[in-house]
Amino acid sequence: MKLPHRRLLYLAAGALAAWLGVSPPADAKTITAVMHSDLRIIDPGFTTAYITRDHGYMVYDTLLAMDANFKIQPQMADWKVSDDKLTYTFTLRDGLKWHDGTPVTAEDCVASLKRWGKNDGMGQKLMDFTASLEATDARTIALKLKEPYGLVLESIGKPSSYAPFMMPKRLAETPAGQQIKEQIGSGPFKFVQAEFQPGVKAVYEKNTDYVPRKEPPSWTAGAKVVKVDRVEWITMADAQTAANALQSGDIDFMEVPAFDILPMLAANNDIKVDTLSKFGFQTGGRMNFLYPPFDNVKVRRAAFIALNQKDVLDALVGNPEYYRICGAVFICDTPFATDVGSETLVKGDGMAEAKKLLAESGYDGTPVVILAPGDVVSLKAQPVVAAQLLREAGFKVDLQATDWQTVVSRRASQKPPKEGGWNMFFTNFTSADAANPIASVSIGGRGRNGGWFGWAEDARIEQLKDAFARSLSPEEQKKIAADIQKEVYDQAILVPLGQFLQPSAWRKSLTGVLGGPATPVFWNIEKTE
């Protein structure tokens, strides 16, 4: 049998690992998975990239977690709330140890929360309302608020990027803008640094010291019981090669099969195809506010109006069974869904207006540098379609082919496009990450001071988010969310390009695969040979 090139590369990497003396025991039970992306950035507090978040859930744990009923549950800690709603006291449970054998302390967790609170949108807003955050003893964390704030538990228990992962104090105190130097968590797996080969594979071993909770697993909450010895993430950028490997049994799990491959996989009696995140994803575009041409709101609006959801979704997904045109920034069928300002996105009739607005904007032909990753099935189509539509509107476009991990690194750069920066990139958000104005990391106006990539500066957005956070009325929150959406679209802070479901596929020798908004996770999975 002739093996695909990627499979040969994988086998060669395995042979090299064995030669280096880091091969697994012969009887080790191993899950081999092809994830949606190569893993290169391994600091889950440095990027919102979901592959890094997924890595985070292998190695780290969280104080609180969200279950399948959207309820926040204890994970590393229980909590109490004072009668005046101003003091939250968290108590660490017994048996928590870092992977280096040292005990988890409240000081570690305070430092971890503070690091998370500098980058994450919900974390930033929580810190705005926080008067003090300190360890009162080795197991107790006290968070005191300036005024009552209804999203304390939802913030600390949020399931996705940036997830508030706990790490030792010495790592959590890494200066802003730098990545942590070690992968020491308290989670259910240990990262095998000696076998990490970016672009080839990442390896995790069962943490035999991990003490799971007693509750049944539910999303990121409950018992994280590891039932295998190892998990290996293998890089196979070509979807057909990965699908062939899944069918032949060379791999066990494929996170993101191409949509046109799904019928073939579903017809295989040895393979299960299912959607782990039932709430799906929102895909969208982000412009860079710092440099021409998108430092000009009229130019941003022209680009916004030129884009439309159907063209993107047809190219990305193709099958309407798996996608939805949706004009809501905060996800359709949620309490904060509205179509305010979305007319051209959903109808696709804005090209004439876009051309007119671009002509009036003073646009001087500055090239729009669009980052175009070719190695992630769910991110390949968006930049290509956008480039075509922007050119039609009159933009000069420089579509730069790359891989997703290069995009993840490069989008963090605030350098001008001519010096390795960028003007536009596209990404996907789980619906849980975009369901309200506080959760959505892209909806903000902090600019260079803690803003998300693109660094939109918009005081009105921040004022509206404060009003949303303070409001206790669902009706008032809905109105504020609509006002925020209008501002988002008026300023082109985000260009939502529709929603879609993404099935995964795995061999039926795997059982216990869990669903949720931050999947896949690899605890609870059993493997039979």
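In this predicted model, strand E1 (residues 30–34) pairs with strand E12 (residues 230–234) in the parallel sense, over four bridges. Within this pairing, threonine 30 has arginine 230 of E12 as its bridge partner. Helix H2 packs on the sheet, where it touches E10, strand E11 (201–206) and E12. The direction of H2 makes about 170 degrees with that of E12.

The sheet is open and has seven strands, in the order E10-E11-E12-E1-E13-E21-E14, with mixed pairing. Strand E10 (189–191) and strand E14 (271–274) stand at its edges; each has a single partner strand, so one side of each is left without a neighbour in the sheet.

Helix H2 covers residues 50–59 and includes aspartate 54. Is aspartate 54 buried or exposed? Aspartate 54 has a relative accessibility of 2%, and therefore counts as buried, since the cut-off for buried is under 20%. Apart from neighbours within four places in sequence, the residues in contact with aspartate 54 are Met35, His36, Trp233, Glu255, Ala518, Thr519 and Pro520.

Strand E6 (residues 87–92) takes part in two pairings, listed below.

| Strand paired with E6 | Sense | Bridges | A bridge or facing pair |
|---|---|---|---|
| E5 (residues 77–81) | antiparallel | five bridges | aspartate 78 and threonine 91 |
| E8 (residues 140–145) | antiparallel | five bridges | threonine 140 and threonine 91 |

Threonine 91 thus appears in both rows: it is the bridge partner of aspartate 78, and it stands opposite threonine 140 in E8. E5 and E6 form a hairpin, with five residues between the two strands. In the turn, lysine 85 has a positive phi of about 65 degrees. The faces of E6 can be told apart as well: Tyr88, Phe90 and Leu92 make up the covered face, while Thr87, Thr89 and Thr91 make up the uncovered one.

Another part of the model shows two helices packing together. Helix H10 (residues 309–316) and helix H13 (residues 381–393) have axes 9 Å apart and pack at an angle of about 140 degrees. Why do H10 and H13 count as oblique to each other? Their angle of about 140 degrees falls short of the roughly antiparallel range, which is over 145, and H10 and H13 are therefore oblique. The crossing of H10 past H13 is right-handed. On the H10 side, the contact is made by Asp311, Val312, Ala315 and Leu316, which meet Ala381, Gln382, Val385 and Leu389 in H13. The residues of this contact divide into six nonpolar, one polar and one charged.

Key:
Residues numbered from 1 in each chain as written. Predicted model: local features only at pLDDT ≥ 70, side-chain atom pairs only at ≥ 80, totals over all residues. Heavy atoms only, no water. Buried < 20%, exposed > 50% of the residue type's maximum accessible area, 1.4 Å probe, protein only. Contact = heavy atoms within 4.5 Å. Axes fitted to C-alpha atoms, helices over the stretch in contact; angles between N-to-C directions. Parallel < 35°, antiparallel > 145°, perpendicular 65-115°, else oblique. Left-handed = near helix turned anticlockwise from the far one by under 90°. Nonpolar A, V, L, I, M, F, W, Y, C, P; charged D, E, K, R; others polar. Pairing = 2+ DSSP bridges.
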